[in-house]
Amino acid sequence: MPIAMWTPELSLGVESLDADHRQLIDTLNQVFDALLFDRSSSALHGALATLNDYVTGHFAREEAWMQARNHPDLVRHRQEHEALRDQLALLCAMRELSDQERSVELLMVLRDWLLGHIAHSDRDASAA
Ligand SMILES: [Fe+2]
Ligand SMILES: [Fe+2]
């Protein structure tokens, strides 16, 4: 049961970046599904591994795309990426929490990431 869905309003019009954003939505839905129905740790650990790659690969692709367009907001945007990277690292380090608690925390991070960063900052970057 998905809690987040791709919509055309999220599109940047760049195939590779849109594919990355779709992957983030898929990851969010997988963590949610596992929390509701599966309760095993594998979905959480798989999601964290995916996201650790994501914050390297996707952020580099997106920043290169902005740089190629001499985007005036690149420095601030890079800072937002850094903050998301820090949030993820913090979550990975929260070993005192159960996997279920970490899954809930991760869902909140991904929700803010999707609704706060992708839907606004990334979209604004494509409009400029
Ligand atoms: Fe993005
Ligand atoms: Fe971004």
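## His58 and Glu62

His58 counts as buried, because its relative accessibility is 2%; buried means under 20% relative accessible area with a 1.4 Å probe, protein chains only, and exposed means over 50%. Glu62 is buried too, at 1%. Both residues sit in helix H2, four residues apart, about one turn of the helix. Helices here are DSSP runs (H or I, at least four residues), numbered from the N terminus.

This is a predicted model, where local features need pLDDT of at least 70, side-chain atom pairs count only at pLDDT 80 or more, and totals for chains, interfaces and linings use all residues. Residues are numbered from 1 along each chain as its sequence is written, chains are lettered from A and ligands numbered from 1 in the order in which they are written, and side-chain values use heavy atoms, without hydrogens and water.

## The two iron sites

The iron ion (ligand 1) has the protein donors His21 (NE2), His58 (NE2), Glu62 (OE) and Asp122 (OD), 2.1 to 2.2 Å away. Donors are N, O and S atoms within 2.8 Å of the metal (3.2 Å for Na, K and Ca); water is not among the atoms, so sites may look incomplete. Angles among the four donor atoms run from 84 to 173 degrees, and the site is irregular. Tetrahedral would require all angles between 85 and 135 degrees; square planar would require opposite donors over 155 degrees apart and all others between 65 and 115.

The iron ion (ligand 2) takes Glu62 (OE), His77 (NE2), His81 (NE2), His117 (NE2) and Asp122 (OD), at 1.9 to 2.2 Å. Their spacing in sequence is E-x14-H-x3-H-x35-H-x4-D. His77 lies in H3 (residues 74–93) and His117 in H4 (residues 99–127), so this pair ties together parts 40 residues apart in sequence. Glu62 bridges the two iron ions, which lie 3.5 Å apart.

## Helix H3

H3 has 20 residues. Its buried residues are Leu74, His77, His81, Leu84, Leu88, Leu91 and Cys92. Seen down the axis, they fall within an arc of 105 degrees, so they line one face of the helix. The arc is taken from the directions from the helix axis to the C-beta atoms. Val75, Gln79, Leu90 and Ala93 are exposed on the other side. The cover over the buried residues includes H2 (42–68) and H4.

## Around Trp113

Trp113 touches Leu24, Leu51, Tyr54, Val55, Phe59, Leu84 and Ile118, leaving out residues up to four places away in sequence. Contact means heavy atoms within 4.5 Å.

Terms used:
Helices (H or I, at least four residues) and strands (E, at least two) are DSSP runs, numbered from the N terminus. The expected span of a helix is 1.5 Å times one less than its number of residues. Four donors count as tetrahedral if all angles lie between 85 and 135 degrees; four count as square planar and six as octahedral if opposite donors are over 155 degrees apart and all others between 65 and 115; anything else is irregular.
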